[in-house]
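Got a minute for a quick tour of a model? Have the sequence and the coordinates open side by side, and let's walk through a few spots.

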Amino acid sequence: MMENTLELTATHINYTITEETVRRLRERPSAQPIIGQDRAIHALNLGLGIEADGYNIFIMGASGTGRRTVLGQLLENYKANPANLQDIAYVCNFNRPLEPRAIFFPAGGGAYFKKTLKSAIESIRRQSMQISKSEVFSAASKKIASTYDQEENRLLGEFEGEMYGSGFSLIQVKDNEARSMDLVPLWKGKPVSFEELQEKVSSGKVPAENVGALRERYYEGLDKMAELFSQIRDLRRAMDKKIRALKAQSAEPIIENELAVLRSLCKNGPDYAEALEFLDALKTDLISRVHQYSEPFKSPAHKRNFFGRYAINLICEHSGSEKNIVHEEVPTFANLFGSIEPSGPNDDMTVNGHLRIRSGAVHRAFGGILILRLQDLLMEDGAWPYLKRVLQSGLVEIQTPPTGNHLPSLLKPKVLKAKLKVVIIGGEHSYDFLYQEDPDFQKLFKVCAEFDSVMPATEDNMASLITFITDFTRKTGTLPIDDGGIARIIAHAARLTDYRTLLTTRFTKISDLIIETDYQARKAGQTTITGETVSHAIENRRYLQRLPEEKYAQTITSREMVIDVSGSSIGKVNGLAVLDRGYHAFGIPVAVSAQASPGTKGVVNIERESGLSGEIYDKAHLIIQGLLRGKYAQDFPLALSASICFEQSYTEVDGDSASCAEFFALISAIARLPLRQDIAVTGSLNQLGDVQPVGGITEKIEGFFDTCSLLGLTGTQGVIIPRRNLPNVLPSDRLLTAVQDGLFHIWAIDTIDEGLFLLSGMSPVDFGKTVAQNLLAFTEHLKDFYR
């Protein structure tokens with residue numbers, strides 16, 4: 001009988017890994033430490049090997065597929081090219097303090113330069129403080145002072161004589177601890193005040209005209225005295241300038257001698273060109289300011305602030321032998337591209353602003369590799385756009401973050417050339433999305449290392465998986481796993497892919513299973529993990545996740561959900577759907593009903609009319625109409641008004657896996673012939689009547705099996721699936737036992753006719769004749785109706 005040829009036996013659906021296979025594969029050494037990601041490894045090697053612009057790497061794949069692990073293993077032997085590594089420092093720009101200059105050193109040279117310069121500056125200060133104590137300098141400075149003192153005394157003497165001739169004496173006046181000069185009138189060769197002279201005028205001893213003339217000469221004398229003191233101040237400034245020049249002249253050999261070591265270092269290659277320019281500017285500034293640091297400072301803070309101008313801010317340093325691989329786990333704008341520390345409300349940004357500059361991960365990765373996670377990067381304001389700008393221009397400028405409460409900084413540090421390789425780790429389909437949506441992305445990330453979540457279930461890959469399991473148990477200290485336990489884990493790895501011919505590469509799921517199994521084994525007092533322990537751990541995890549599944553089961557047993565698993569009915573078929581929570585999926589039966597009568601509306605999709613259908617579901621309905629016309633109404637126009645509905649479905653429906661069930665319900669309604677209700681159907685179809693594979697096949701089979709178990713197994717119940725889904729059937733132990741005992745059945749079909757035979761028990765030809773006759777009758781009825 002056709003029914004027997006279509007039915008799958010327990011042998012057909014059974015999927016196990018034998019202990020003998022595990023024992024044999026244990027002896028085979030794993031060919032490679034990285035399992036199942038050959039394509040991704042090839043892409044990573046390509047990206048790491050090419051240094052041209054744009055060959056940054058984007059790693060795409062599901063979480064748990066070993067993206068970081070594989071990258072880490074490939075980078076174990078990676079070593080940055082020492083020629084590409086530089087130490088970078090910011091120093092004071094003495095001419096433009098708000099624009100700190102950058103200087104560069106070969107890897108490892110920055111720290112030595114910084115230390116040597118600090119020692120040189122301290123030595124210059126100590127020696128400069130001794131200049132004033134030297135006999136040569138003291139004699140020379142005294143000579144200069146004596147010359148200017150003589151000139152000052154000469155001017156004072158001439159002025160004093162002139163004033164004496166005009167009737168005044170030059171005296172010193174003390175006023176609030178300050179001393180100044182003043183003119184006092186002379187009366188008979190003795191100094192008197194103008195008040196005393198006024199008294200004499202009042203007594204008639206002195207003519208008023210004489211006192212008035214004397215007062216005029218007094219004010220003229222004050223003007224001349226102001227000019228005199230201005231000349232004296234100029235003389236003193238000139239004297240100070242000469243003494244400073246003398247001190248600078250004395251300090252210059254000291255400064256040159258101390259900087260000579262640094263100059264000799266900087267002559268070793270072109271990497272020190274900016275450092276040489278800085279040393280020239282430094283020498284000039286040290287000479288011009290020797291008078292400031294050769295004297296004691298007012299306070300330690302004043303000294304610290306002053307010498308900060310000569311300090312080096314080494315923002316990036318390397319040893320020269322390092323890998324220079326930078327992982328930035330928190331890629332904020334500041335963490336990536338550096339920042340400028342805000343100054344206090346009373347701070348002058350022009351004073352030692354270069355010491356407020358802080359580097360970011362991009363700077364530390366110069367000449368090496370920067371590794372970022374896409375999700376973290378996109379969550380930070382401004383980070384992704386600025387990273388693209390850095391990669392496009394090859395330049396990075398340290399600035400305050402463009403968002404938040406940060407005020408723009410007045411500092412404008414020198415822009416740096418950014419030479420690095422960026423590796424971004426993203427999820428599934430992330431590269432495709434960015435490639436389509438971001439026109440800059442495809443130019444900047446030319447290498448996509450795509451990690452597959454599955455791998456072929458070859459013996460080599462199974463041997464590698466066994467090695468992974470063994471290594472994991474050894475490293476984590478879990479109980480040893482016997483051959484039966486490993487066989488069960490491999491079978492579970494296949495079930496995670498929904499393919500008998502594949503194994504999962506999401507090894508975190510395997511690791512989690514081993515940890516949970518170890519817990520169950522220790523709790524039970526076992527010393528070894530067996531296959532039974534692994535199965536118990538899998539069921540325990542399923543129990544934790546299946547609360548919604550149990551809630552649905554309650555609606556079945558309470559008959560709140562109207563599902564029939566026995567008898568027959570016209571225009572109704574049990575379809576199958578999958579509810580996927582992301583971490584747990586389970587199948588449920590859904591009643592698919594149809595009604596048909598003469599009319600012109602065609603096949604109405606109730607889900608679509610109510611706004612609950614997706615595009616693929618709508619497409620499947622159009623295919624159903626095409627198949628109906630092509631199979632049963634080629635010789636006459638189709639005069640049909642029919643409707644198809646997912647009963648008790650209140651959420652959006654999408655996909656085409658129910659199109660077989662819908663088609664069967666539709667032709668049953670048209671032919672008025674009953675179909676079995678103890679059989680559920682899943683499968684997609686095309687306009688030629690071929691049954692096509694669908695997803696979630698194991699969950700759908702087990703979903704109807706669980707429903708039948710709740711309502712009572714009769715021994716006739718079962719599921720019709722596409723034959724092309726046989727590689728996807730990975731039954732549980734309960735289901736396999738029920739099939740072995742004949743309590744549940746699974747049939748695999750290739751065509752609609754085969755499924756029609758199983759559901760109706762009739763020949764597909766006879767059933768089809770009835771459908772065609774009724775459709776023709778619909779057409780005749782419609783003609784008669786409109787006459």
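What follows covers two sheets, two helix pairs and a few single residues.

This is a predicted model, where local features need pLDDT of at least 70, side-chain atom pairs count only at pLDDT 80 or more, and totals for chains, interfaces and linings use all residues. Residues are numbered from 1 along each chain as its sequence is written, and side-chain values use heavy atoms, with hydrogens and water left out. Helices (H or I, at least four residues) and strands (E, at least two) are DSSP runs, numbered from the N terminus.

**The three-strand sheet**

- Strands 4, 3 and 8 make an open, antiparallel sheet in the order 4-3-8; two strands are said to pair if DSSP finds at least two bridges between them.
- At the edges sit strand 4 (101-106) and strand 8 (313-316), each pairing on one side only.
- On average, neighbouring strands here are turned by 30° against each other, direction ignored; axes are lines fitted to C-alpha atoms, for helices over the stretch in contact, and angles run from 0 to 180 degrees between N-to-C directions.
- Strand 3 (residues 86-91) shares six antiparallel bridges with strand 4: tyrosine 90 stands opposite alanine 102, and glutamine 86 has proline 106 as its bridge partner.
- Over on strand 8, strand 3 pairs through three bridges, again antiparallel, with alanine 89 partnered by leucine 314.
- Five of the six residues in strand 3 are buried, where buried means under 20% relative accessible area, exposed over 50%, and partly exposed in between (1.4 Å probe, protein chains only).
- Helix 6 (residues 109-131) lies across strand 3, strand 4 and strand 8, at about 115° to strand 4.
- Helix 10 (residues 273-288) lies across strand 3 and strand 4, at about 125° to strand 4.

**Helix pairs**

- Helix 6 also packs on helix 9 (residues 208-266), at an angle of about 165° and with the axes 10 Å apart.
- That angle makes helix 6 roughly antiparallel to helix 9; the cut-offs are under 35 degrees for roughly parallel, over 145 for roughly antiparallel, 65 to 115 for roughly perpendicular, and oblique for the rest.
- The crossing of helix 6 and helix 9 is right-handed, meaning the near helix is turned clockwise from the far one by less than a right angle; anticlockwise would be left-handed.
- Among the residues that meet there are Tyr112, Phe113 and Leu117 in helix 6, and Ile254, Ile255 and Leu262 in helix 9; contact means heavy atoms within 4.5 Å.
- Helix 3 (residues 19-26) packs against helix 19 (residues 459-476) at about 80°, with the axes 9 Å apart, so helix 3 is roughly perpendicular to helix 19.
- Val22, Arg24, Leu25 and Arg26 of helix 3 make that contact with Glu459, Met462, Ala463, Ile466 and Thr470 of helix 19.

**The eight-strand sheet**

- This one is an open sheet with mixed pairing, in the order 1-29-28-25-20-21-23-22.
- Strand 1 (7-8) and strand 22 are the edges; each has a single partner strand, so one side of each is left without a neighbour in the sheet.
- Strand 28 (residues 718-722) and strand 29 (residues 745-749) run parallel over five bridges, with isoleucine 721 opposite alanine 748.
- Helix 30 (residues 764-786) packs on the sheet, touching strand 21 (585-598) and strand 23 (640-646), and its direction makes about 45° with that of strand 21.

**Residues worth a click**

- Asparagine 605 lies in strand 22 (residues 602-605) and counts as buried, at 6% relative accessibility.
- Its side chain makes a polar contact of 3.1 Å with the side chain of aspartate 618 (a pair of N or O atoms within 3.5 Å; within protein, one must be able to donate a hydrogen and the other to accept it, and residues adjacent in sequence count only if both atoms are side-chain atoms).
- The asparagine 605 side chain also reaches the backbone nitrogen of glutamate 607, at 3.0 Å.
- Threonine 505 sits in the loop between strand 18 (502-504) and helix 21 (507-523), and is buried at 0% relative accessibility.
- A polar atom of the threonine 505 side chain lies 3.5 Å from the backbone nitrogen of valine 454.
- Glutamine 130, in helix 6, is partly exposed at 45% relative accessibility.
- Glutamine 130 and serine 294 are 164 residues apart in sequence, yet 7.9 Å apart in space, C-alpha to C-alpha.
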